Amino acid sequence: MITLIQFGTGSLNTLEAAVDRMGFGSCRAGRPDQAAPSGPIILTGSGPMDPACTQLKASGWWRELPQLAADGRPVLGINLGLHLLAEGSEESPRGSGLGLIPGIVRRLGPGVKVPHWGWSPVRQLRDHPLFPEILGGWLFFAHSHALEPTSETLSIAVHGRPFSVMECRGRAVGIQAHLEKSGSFGLSLLEKTLAVLGEKPDRQPTTGCN
Amino acid sequence: MDAKRIIPVLQIRAGQAAPESPAAWACRLEREGADGILFQELPGGAGGRAGWIREVAATLSVPFALEAPFRDLAELEEAMEAGVDKVFLAADPAVEDPILAAAVRTFGRVHVGVAVDAVLSAGSWRVALADGEGRDALDWMAELELRGAGEILLRAAPEGEAAATLCQPAARLALSVLFLSSGDPALAAEALLHGADGVAYPAAAGSPGSWKATLGTRGLALRQ
C-alpha cells in the first residue's frame, strides 16, 4: 500500500484520486506511525520549503524517512518532495535536506519568469534498466527552484537553463513535475514509477478524464 | 520552450457550472486538450465551494485555478486544502491588500495570482476600476510582481493588435501573464504572439482542440 505523507496546507486530493483510479491502495500519514507497514512512501508538496521542513520535523517524518529508506523502503519525492530529498536548497540555506538524492536545489533564473508554471517538453539524458524511455512527453511544472542536473540525472527540462526532472538513487526516486497534473502522459509515468518501486494495483483501474 | 497554455474558463454560480457539474464539464475539456481550467466564481457563488473543488481535484489530471472574491485567508486556505492549484485575487491598486501578502507567505507565490483589468485610454494603458480609470497598468503589474504575485490574469480592452502593446512590455516582467480573452482566437493570438504565456477564454467559445488548431497556424508552441 502507498503511504502519502500529509503535511502543510497543500492538498493530496488529486494525487490520492489518481493512484486510486489506477487501482493502487493508499493511506495518508501525518506521522510515521500512521504509515502503511510496507510499500512506497510519497512525499509531495509545493510552496515554501522552510514551513515544510518545520512540519516534517514536528511530525517525526524528518527523522524517520531516511531510516526507512536505509531499510529499503521505496521513497518517491514529487516537486517540493524532490527538493526535500536532496542534500540542500538555496531556498533554505541554513538547513540541509534529507540527503537521499545527491545535489543542491537552486532558484530558477535569472532572466526567466519565476515561478515556472507551465508545460515543458522533457528530454531523457540516461537510460535506466527499470524506467521506461521518455519519448518527447510534456509535463506540468509549478516551481521556483529546481535540482541542478548531474551525470546521474535521468531526464531534464529547460527553463532558462536545464533542470533535473527525474532522479533515481537506489529505491529513492525524485520527480520535479506534478505527474498527477500532467494529463495522460504524466499519469502513465506515475503508474510506471510506482511499478518500478514495487507497488502493484490491488484492483481493476477505473477511468478518469483520460 | 514551454507551450502556450490554452485554458477554458468555466463560470461557477452556487457551486454549479450550468448545464453540467464543474467536474464533469472540466473533465470533458481536459479530454479535448485543455492545458488547465480557470473557474470564475460569480458574485454570491461561494456556497459549497470546497465541495465542488474537491470533486474537480479528484477528477482532473491537469491544473485548475479559481478566480473568486476571496474575503480572507481562511477562504483561501479552504480552497487550497480542497485542491485548487492556484487562486487569482482581485487587488485594488488604491488599497494596501493584506490578503495578497498573507497568501504569498502561506502558499508561496507559485499558487497566487492577481487579476488586472486594463483599458486603453488616450494612448496609455490604465487600470480599469468600477468607477473609472486608475494608475498606469504596467506600473501596477510591476508592483504586483514585487508584492509577490506569481502570475497576472490580464483583461485588456480592446483586444487584438492594441493589446499586444501591453502584452509586449508585460512579458519583460519576471512573472507569467495569462491573457483573458473574450472568446475570439484570432484576437487572442496577438496577445500570445506578443508575450502572453497563455490564454483563458470562455469555454462556450470552442473546444481547446479547435483553439489549438487555429492558434497552431500562427506558429505558436502548443502542447498536443
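Student: In which sense do strand β3 (residues 41-45) and strand β4 (residues 75-79) of chain A pair, parallel or antiparallel?

Tutor: The general idea: strands of a sheet pair through backbone hydrogen bonds, either parallel or antiparallel. Here β3(A) and β4(A) run parallel, joined by 5 bridges, and Ile41(A) faces Val75(A) of β4(A). A pair needs at least two DSSP bridges between the strands. Strands themselves are DSSP runs of E with at least two residues, helices are runs of H or I with at least four, and both are numbered from the N terminus. Keep in mind that this is a predicted model, where local features need pLDDT of at least 70 and side-chain atom pairs pLDDT 80 or more, while totals for chains, interfaces and linings use all residues. As for labels, residues count from 1 along each chain as its sequence is written, with chains lettered from A and ligands numbered from 1 in the order in which they are written.

Student: In what order do the 8 strands of the open sheet in chain A come?

Tutor: Reading across, you get β2-β1-β3-β4-β13-β12-β11-β8 of chain A, with mixed pairing. The edges are β2 (26-29) and β8 (123-124) of chain A; each has a single partner strand, so one side of each lacks a neighbour in the sheet.

Student: How many residues lie between β11(A) and β12(A) in their hairpin?

Tutor: Just 1 residue, and Gly160(A) in that turn has a positive phi of about 80°. The strands, β11 (155-159) and β12 (161-169) of chain A, are antiparallel over 5 bridges, with Val158(A) opposite Pro162(A) of β12(A). Carry on along the chain: β12(A) also pairs antiparallel with β13 (172-175) of chain A, through 4 bridges. Met166(A) has Ile175(A) of β13(A) as its bridge partner. This hairpin has 2 residues between its strands, and Gly170(A) has a positive phi near 65°.

Student: On to chain B. How many helices and strands are there?

Tutor: Chain B has 8 helices and 10 strands. For overall size, look at the radius of gyration, taken over C-alpha atoms and compared with a globule rule of 2.2 Å times the number of residues to the power 0.38. For 224 residues a compact globule would come out near 17 Å, and chain B agrees because its value is 17 Å. The C-alpha trace of chain B spans about 45 × 45 × 30 Å along its principal axes.

Student: At roughly what angle do the axes of α2(B) and α3(B) cross?

Tutor: Axes are lines fitted to C-alpha atoms, for helices over the stretch in contact, with angles from 0 to 180 degrees between N-to-C directions. The axes of α2(B) and α3(B) cross at roughly 25° and come within 8 Å. That is why α2(B) and α3(B) count as roughly parallel (under 35 degrees; over 145 is roughly antiparallel, 65 to 115 roughly perpendicular, the rest oblique). The crossing of α2(B) and α3(B) is right-handed: the near helix is turned clockwise from the far one by less than a right angle, whereas anticlockwise would be left-handed.

Student: Which residues of α2(B) meet α3(B)?

Tutor: Arg49(B), Ala50(B), Ile53(B), Arg54(B) and Ala57(B) meet Glu78(B), Ala79(B) and Ala82(B) of α3(B). Contact requires C-beta atoms, placed from the backbone, to lie within 7 Å.

Student: How many residues does each chain give to the contact of chain A and chain B?

Tutor: Chain B gives 34 residues and chain A gives 29. On the chain B side, α3(B) has the largest share, 4 residues.

Note on methods. Two residues are in contact if their C-beta atoms, placed from the backbone, lie within 7 Å.
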